[in-house]
Each structure stands twice: as C-alpha cells, then as structure tokens.
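Hi,

Here is the structure I promised to pass on. Have a look at it first, and then read my notes underneath.

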Amino acid sequence: MTISLLGIIVIQSRWINYSINLNEDKFREEVYSALNHVEKDLRASESTLDLDVLGHDFASGYSANSKLDFYYRKGGLSDSTNIANDIANLMSKSRSRFQQNISLLEGLEVSKLLQSKDLAERIDIKRLSNSIKRQLNKRGIFIGYNYGVYSNKSKSFVIIDDNFVVAEEGTQYTNTPINKSLYNSLYKISLFETDEEVPGMLYINFPHRNSILFKDVWPTILGSVLFTAIILFCFAYTIYVILRQKKLSEMRTDFINNMTHEFKTPIATINLAADSITSPMIVDQPSKVGRFAQIIKQENSRMLNQVEKVLQMALLEKKDFKLRKAPINVHDIIMQAVENANLQVEKKGGHVTAELKATRPTIVADQTHITNIIHNLLDNANKYSPEKPEIKVITESINGSMRIIIRDKGIGMTNDQRKHIFDKFYRVHTGNLHDVKGFGLGLSYVKTMVGAHKGNIEVISELGEGSSFILDLPVDGGQEKSENGVT
Ligand SMILES: Nc1ncnc2c1ncn2[C@@H]1O[C@H](COP(=O)(O)OP(=O)(O)OP(=O)(O)O)[C@@H](O)[C@H]1O
Ligand SMILES: [Mg+2]
C-alpha cells in the first residue's frame with residue numbers, strides 16, 4: 001500500500017510537472033512569436049523614419065513637375081511641339097532624379113548611415129511600446145511585463161519600460177534589480193538582425209509568469225493534493241486501527257491467560273482439599289474435614305470474587321449499573337480498608353498509615369463502590385511495591401470536595417505507562433515482577449466509578465520512586481441525591 005501510494009504521488013507530480021513544462025513551451029512560443037513581430041515592426045518603423053530624413057531629395061526630384069505646372073499657368077508657350085519637348089524634358093529629369101534617390105536608398109550608404117547611429121536613436125519608443133503590447137495581447141498574454149533594449153556597444157540598457165536610460169560612466173547592466181531581472185530574462189531577441197553587426201537585444205521579463213504557467217494546473221494540483229491527503233489520512237487511520245486492534249487483542253490474550261492462571265490455583269487447591277476429605281485417613285477426623293471444607297469455601301469465594309470482578313466490568317462497559325448514594329463517612333471506610341490491607345502489607349514487612357485530615361469526612365456516595373475503589377488502590381499500592389511497602393493514605397477537604405491521596409514508594413511508572421493504566425486490560429509488563437497477578441481491570445473500574453460520582457482521579461508517578469493516586473470526590477455526591485442510573 002505504501003509503495004502504491006508513493007507511486008501515485010510520484011506519477012501525479014510528474015504529470016503536473018509535464019503540464020507545467022507544456023504550458024511553459026507554449027508561453028515561450030507565443031512570446032517569441034510576439035518578439036519577432038515587434039522586431040519586424042521596429043525595422044519597418046525605422047525605414048519610414050529614414051524616408052522622412054531623405055524626404056527633401058524626393059521633393060527636389062518632383063519639383064520638375066511644378067515647373068510644368070508653371071508653364072501651363074503662364075500661358076506663354078507658343079506651340080504644341082515646344083510644350084511636348086518641355087514635358088519630355090522635365091519628365092526625364094524628374095525620373096532620373098527619382099531613380100537616383102531610390103538607388104541611394106537601396107545603396108549601402110544609407111544603411112551604413114543608419115547603422116552608425118546610436119541604438120536608442122534608431123528606436124521610436126512609443127511605437128516599440130505599442131508594438132510589444134499589441135503583439136502580446138494578440139496572443140492572449142495580458143500579464144505585467146518589463147522590457148528593455150540592451151545595447152551591445154555600451155553594454156548597458158538604453159531603454160527600459162518606455163524610458164531612455166542614460167548609463168553613468170562605468171556602471172554595469174546589473175546595478176539595479178530591474179536591470180538584473182531583465183538581463184536574466186529567458187525571453188530576448190536580437191534587434192536589427194540585418195545589420196552587419198547586431199547592435200543590441202530586446203529583453204522582456206514577466207515577473208508574474210508563474211500565474212500563467214500554473215493557470216490550468218492549479219485545479220489539478222489542488223485536486224491531487226486533496227485526494228492524496230484523503231488517501232494518506234485513510235491509510236494512517238487504517239494503520240492506527242490495525243495497531244490498536246492488535247494491542248487490544250494482545251491485551252485480551254493476556255487477560256485470558258491471567259484469568260486461567262487465577263482460576264487454576266483455587267481449582268487445584270479445591271481439588272487437593274476434596275481429595276483429602278475423601279481420603280479414608282481424614283474422613284474420620286471431623287476437625288481436619290472441617291479445615292479442608294474451610295479451605296474449599298475460601299478458595300471458592302476467591303473464585304467467586306474474580307468472576308464477580310469480570311462480570312462487574314462487563315456491566316460497567318454497558319453502563320448498566322445503579323448507584324445507591326447515601327451519606328457515608330469516608331474515614332470509617334478508609335480505616336477499615338487500611339486495617340485489611342495491613343494484614344497483607346505487614347507480611348512483606350511494610351505498613352500502611354493513615355493521615356486523615358479532612359474536616360468533612362462525610363460525603364454522599366455509594367458505599368460499596370467507594371469501598372471497592374479504596375481497596376483497589378490499596379491493593380495496587382501493595383502489589384506494585386515489591387519490598388517493604390510504605391503506603392500512606394491522606395485525606396483533605398478542598399472546596400466542596402474530599403481529596404483522598406494514596407501514596408506508595410513502589411516501582412512507579414513511566415509517563416507513557418501512566419497514560420494507559422486506566423485502560424481496560426492494560427497491565428504494565430513488569431519484567432521481574434511476573435508473579436504480580438491481575439486482570440488489568442482494577443483501575444478501569446476505579447475510573448468509571450469515580451466518573452459516575454462526578455469525581456476526578458489523577459496520578460503522579462516516577463519510575464522507581466513510587467506513585468500517588470489523587471482522588472477527588474464531591475461532598476454532595478455530584479448534586480444527584482436520588483438513585484440514578486449512569487448514562
Ligand atoms: N501503585 C502503582 N504503582 C505502580 N504501577 C501501578 C500502580 N497501580 C497500578 N499500576 C499499573 O497499572 C496497571 C493497571 O492496574 P489495574 O489495577 O487496572 O490492574 P491490575 O492491578 O494489574 O489488575 P487487577 O486490579 O484487575 O487485579 C497495573 O498492571 C500496573 O502495571
Ligand atoms: Mg489492580
């Protein structure tokens with residue numbers, strides 16, 4: 001999929017590039033065609049200029065005709081032969097003078113005369129400017145441009161954008177940005193190419209050339225980017241979902257393994273106890289039978305607890321539970337829980353202490369769930385403190401709510417782990433603490449229940465240093481005094 005996506009992106013960008021190149025070629029063709037016409041126009045305009053210069057010669061050639069006119073008007077001509085002779089005479093004079101002028105025009109002397117002039121003098125700026133505009137517009141090019149006439153002789157621009165430029169002594173063509181961009185322009189043409197030595201070039205630069213090159217390509221580019229982004233997004237989302245599913249499936253497998261393990265021990269113990277009871281040596285000893293029956297009962301209730309936990313989680317998932325809220329004294333619950341926890345913790349050489357500072361220990365809440373929450377947190381604090389657990393329970397009254405802090409000096413966790421501990425089935429891979437059992441359901445239950453009580457739970461933890469679970473519960477039970485289902 002990645003390869004095909006990359007393939008699509010490469011093909012799209014090549015195609016867009018190809019379109020831009022095509023537009024560029026077309027644009028260049030149009031500009032050069034326009035420049036060719038401008039150059040021709042310039043030459044043509046120069047010819048008429050020259051004819052004007054040489055106008056007086058023509059005038060003298062034709063003045064013979066006025067002489068004829070004079071004869072007519074004078075009325076002094078005696079006979080028709082004289083008139084005819086005069087006419088012939090004058091006509092031949094006039095023709096020869098005219099031919100002289102024509103040959104002069106065609107002759108090298110004239111063109112040499114013109115070529116010796118400065119390039120700027122040979123160009124009619126207004127005509128040049130009009131010609132460029134007309135030729136470009138004719139080809140559908142209406143974007144802004146700069147033009148300049150560059151003299152090969154002075155090695156500088158002599159005309160820029162309808163103005164003559166007087167180059168200072170020693171200055172170069174690149175001394176201003178406009179000269180520079182003009183000089184580097186892609187579009188230029190030699191002027192007066194028919195001269196012996198080309199006198200200069202006409203440069204034209206389009207600062208907004210890209211707007212034309214990209215004009216037809218924009219919709220394609222936008223479309224490509226949009227659709228590629230959509231495909232990329234879908235691709236990324238699919239990968240994300242796959243990874244999440246994979247993680248979830250791993251977590252479920254872990255859960256099943258844990259559960260099997262958790263059930264295997266009591267089942268094995270019950271099996272052993274049952275075997276013992278039925279053994280002939282024991283059957284007759286009621287006290288031993290009683291002890292084994294007790295073990296069976298204990299293990300059975302342990303299994304029941306586990307099953308209860310899983311079932312409860314399923315109910316929580318469906319949000320199919322009801323809170324039986326009533327005013328309860330949290331300090332009493334904590335004291336009871338601390339006492340129970342101490343039985344376990346003291347076996348490991350540690351202890352649980354309580355620092356109950358809350359001034360209003362009574363809150364409106366569901367007693368069973370609050371007891372479970374505290375048990376779960378204490379159980380974790382003990383489980384994840386491998387040596388001599390030192391657990392502290394602190395309570396405080398804060399702005400209409402009661403704060404319960406359960407602090408341990410256990411293994412702690414990383415920031416990344418901390419973000420996931422409230423996820424269902426999530427368990428940190430404890431490495432050397434493989435014997436620590438659990439389903440990864442405890443904190444998920446705690447979070448759901450705290451939420452149902454409109455409370456809040458946060459964790460501060462540092463790997464190797466310990467963790468603090470900070471629990472805030474509203475004193476008034478989240479303003480819900482009645483028995484409410486949680487939606
Ligand atoms: N006090 C703590 N210190 C360090 N890690 C903790 C602590 N409490 C929880 N954790 C981490 O968070 C994970 C999730 O805890 P949670 O209580 O949900 O599951 P569990 O204790 O593994 O199993 P269960 O509570 O369902 O028997 C734990 O596996 C553990 O890695
Ligand atoms: Mg737990």
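Below is what I found, going from the whole chain to its sheets and helices.

First, the housekeeping. This is a predicted model, in which local features need pLDDT of at least 70 and side-chain atom pairs count only at pLDDT 80 or more, while totals for chains, interfaces and linings use all residues. Residues are numbered from 1 along each chain as its sequence is written, chains are lettered from A and ligands numbered from 1 in the order in which they are written, and side-chain values use heavy atoms, with hydrogens and water left out.

**The whole chain**

The chain has 14 helices and 12 strands. Both are DSSP runs numbered from the N terminus: helices are H or I with at least four residues, strands are E with at least two. Of the 487 residues, 36% are buried (under 20% relative accessible area; exposed is over 50%, partly exposed in between, with a 1.4 Å probe and protein chains only). About 29,600 Å² is exposed, with carbon and sulfur atoms supplying 56% of that (Shrake-Rupley method, 1.4 Å probe; for residues, only the protein chains shown count as cover). Among contacts with a separation of 6 or more, 70% are between residues 24 or more positions apart; contact here means heavy atoms within 4.5 Å.

**The antiparallel sheet**

One open sheet has five strands in the order β3-β2-β1-β5-β4, with antiparallel pairing (two strands pair if DSSP finds at least two bridges between them). Its edges are β3 (163–164) and β4 (187–191), each pairing on one side only. Helix α5 (residues 125–138) packs on this sheet and touches β1 (146–151), β2, β3 and β5 (200–205); its direction makes about 130 degrees with that of β1. For all the angles in this note, axes are lines fitted to C-alpha atoms (for helices, over the stretch in contact), and angles run from 0 to 180 degrees between N-to-C directions.

Have a look at β5. Six of its six residues are buried, so the strand is largely enclosed by the rest of the structure. Gly-200, Leu-202 and Ile-204 point one way, while Met-201, Tyr-203 and Asn-205 point the other way. On one side β5 pairs with β1 over six antiparallel bridges, where Ser-151 stands opposite Gly-200. Five bridges join β5 to β4, again antiparallel, and there Tyr-187 has Ile-204 as its bridge partner. At the β3 end, β2 (residues 156–160) and β3 pair over two bridges, with Phe-164 as the partner of Ile-159.

**The mixed sheet and its two helices**

A second open sheet of five strands has the order β7-β9-β10-β12-β11, this time with mixed pairing. The edge strands are β7 (351–356) and β11. Neighbouring strands are turned by 15 degrees against each other on average, direction ignored. β11 and β12 run antiparallel and are joined by seven bridges; Ile-457 is partnered there by Leu-471 in β12.

Two helices lie across this sheet. α11 crosses β7, β9 (390–398) and β10 (401–408), running at about 165 degrees to β7. α12 lies across β7, β9, β10, β11 and β12, at about 20 degrees to β10. The two also pack on each other: α11 (residues 330–347) and α12 (residues 367–383) make an angle of about 35 degrees, with axes 10 Å apart. By class, their contact has 10 nonpolar, six polar and no charged residues (Ala, Val, Leu, Ile, Met, Phe, Trp, Tyr, Cys and Pro count as nonpolar, Asp, Glu, Lys and Arg as charged, and the others, Gly among them, as polar). The residues involved include Ile-333 and Ala-337 in α11, and Ile-370 and Ile-374 in α12.

**Other spots to check**

Eight of the 11 residues of α14 (residues 442–452) are buried, so this helix is largely enclosed by the rest of the structure. Among them are Leu-443, Tyr-445 and Met-449. Their cover includes α10 (286–318), β6 (325–329), α12, β11 (456–462) and β12 (466–474). Just after α14, Lys-454 takes a positive phi of about 60 degrees.

Strand β8 (residues 362–366) is mostly covered too, with four of its five residues buried. β8 pairs with β6 over five antiparallel bridges, and Ile-328 stands opposite Ile-363.

Finally, Lys-26 is in helix α1 (residues 2–53) and counts as exposed, at 53% relative accessibility. The C-alpha atoms of Lys-26 and Leu-213 are separated by 9.3 Å, although the residues are 187 apart along the chain.

Cheers
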